[in-house]
Amino acid sequence: MALLEVKNMRKSFGSVEVLKGISFSLEQGQTLSVIGPSGSGKTTLLRCMNFLEIPDKGIIDVAGKTIFDAESSHLNDEQIRRNRLHFGLVFQNFNLFPQYTALENISLAPKLQAKERPDFKANKKEIYEQIESKSVELLRRVGLGDKLGNYPHQLSGGQQQRVAIARALALTPEVLFFDEPTSALDPELTGEVLNVIKQLANEDMTMVVVTHEMSFASAVSDNVIFMDGGYIIEQGPPAQVLGDPHEERTRQFLRGYDK
């Protein structure tokens, strides 16, 4: 059974249909890379998956349970918040809170979530200590154990993105999404972020990565989707999609990259 299954997802903005029937599935521990030209719908797909946008049509299943069906779902704010807990999202531009340290950026959301626990008032100190301990461990996991008290402006772009990855992991999502996580970085810093994502793949984290790094997609992915014009043009193992694509549009796109 697939951990994540998306069926016939469609999304329009006004008269412009951006997603035109997207379907795919992802097994536990797999990494799916999504490639394609600008404007192909990749970011909109991730935003719909995280309910930053609400799909017009389609179904989203997680671990065999339907969490969204456009035909029957009219989600309120609480349902949207609960659905988002299945997923973590790492943005292109870090989106860290500048007034908080690296450690505080990671622990903020878990602390807010903890306030909903029935035992929170009685065990606040212990709960917060557990959250901070986990946050420290996450920073160490991404190679920033010595940057706990640093503010975002004191970190390089690559370090900020690694903090953002740790923050996305803090709520223990079932699937982690990356929206071109290296696009705002210079080449020297790109490698350190990709290495963290490779490490997560080796640890069997289930991930969907929108990327323009073809060598990374080839090395890390279990499957690759090529999108263009709101459609999935081709999908399959990286050796096929990146190495021997069936579709001429895929071949045309890949000619612009060193594979």
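In what order do the strands of the open six-stranded sheet run, and what is the pairing? Select E6, E7, E8, E3, E9 and E10: that is the order across this open sheet, and the pairing is mixed. Keep in mind as you click around that this is a predicted model.

**Stop 1: the six-stranded sheet**

Start at the two edges, E6 and E10, with E10 covering residues 231–236. Each of these has a single partner strand, so one side of each is left without a neighbour in the sheet. Look along the sheet and you'll see the strands turn from one to the next, with a twist that averages 20°.

Now pick out E3 (residues 31–35) and E8 (residues 207–210). These two run parallel and are joined by four bridges. For a handy landmark in this pair, show Val-34, which stands opposite Val-210 in E8.

Before leaving this sheet, add helix H5, residues 157–169. H5 lies across E6 and E7, and its direction runs at about 170° to that of E6.

**Stop 2: aromatic pairs**

Turn on the side chains of the aromatics; there are five aromatic pairs in the structure. Go to Phe-87 and Phe-177, whose ring centres are 5.2 Å apart. Their planes make an angle of 70°, and over 60 counts as edge-to-face, so that is what this pair is. The two residues come from distant parts of the chain, 90 residues apart: Phe-87 belongs to strand E6 (residues 87–90) and Phe-177 to strand E7 (residues 175–179).

Are these two rings buried or exposed? Phe-87 is buried, with a relative accessible area of 6%, and Phe-177 is buried too, at 0%.

Next, select Phe-97 and Tyr-100. Here the centres are 5.8 Å apart and the planes stand at 75°, so this pair is edge-to-face as well. The surroundings read differently, though: Phe-97 is partly exposed, with a relative accessible area of 37%, and Tyr-100 is partly exposed at 29%.

While you're in this stretch, click on Phe-94, in the loop between E6 and H3. Check its backbone: phi is near 70°, a positive value in a residue other than glycine. Phe-94 has a relative accessibility of 11%, so it counts as buried.

**Stop 3: helix H3**

Select residues 102–114, which make up helix H3. From its first C-alpha to its last, this helix of 13 residues reaches 19 Å, close to the 18 Å expected at 1.5 Å a residue. Where does H3 bend? Put your cursor on Leu-108: the helix bends there by about 35°. Show Pro-110 too, a proline that follows within four residues of the bend.

Then colour the buried positions of H3: Ala-102, Leu-103, Asn-105, Ile-106, Ser-107, Pro-110, Lys-111 and Ala-114. To see what covers them, bring up helix H4 (120–141) and helix H5 (157–169), which are among the covering elements. You have met H5 already, lying across E6 and E7.

**Stop 4: the four-stranded sheet**

Hide all that and select E2, E1, E4 and E5. This is an open sheet of four strands in that order, with antiparallel pairing. The edge strands are E2 (16–26) and E5 (65–69), each pairing on one side only. The twist averages 20° from one strand to the next.

Zoom in on E1 (residues 4–13) and E2, which run antiparallel and are joined by eight bridges. Phe-13 stands opposite Val-16 in E2.

Stay on E1 and find Asn-8. Asn-8 isn't a glycine, yet its phi is positive, at about 50°. With a relative accessibility of 37%, Asn-8 counts as partly exposed.

**Stop 5: helix H1**

Last selection: residues 42–49, helix H1, which packs on the four-stranded sheet. H1 touches E1, E2 and strand E4 (57–62), and its direction makes about 115° with that of E1.

How many of the eight residues of H1 are buried? Six of them, which leaves the helix mostly covered. Colour them to check: Lys-42, Thr-44, Leu-45, Leu-46, Cys-48 and Met-49. Finish just after H1, at Phe-51, where phi is positive again, at about 65°.

Notes: Residues numbered from 1 in each chain as written. Predicted model: local features only at pLDDT ≥ 70, side-chain atom pairs only at ≥ 80, totals over all residues. Heavy atoms only, no water. Pairing = 2+ DSSP bridges. Axes fitted to C-alpha atoms, helices over the stretch in contact; angles between N-to-C directions. Contact = heavy atoms within 4.5 Å. Expected span 1.5 Å × (residues − 1). Bend = angle between axes of the 7 residues up to and from the residue. Buried < 20%, exposed > 50% of the residue type's maximum accessible area, 1.4 Å probe, protein only. Phe/Tyr/Trp six-rings, centres within 6.5 Å; stacked < 30°, edge-to-face > 60°.
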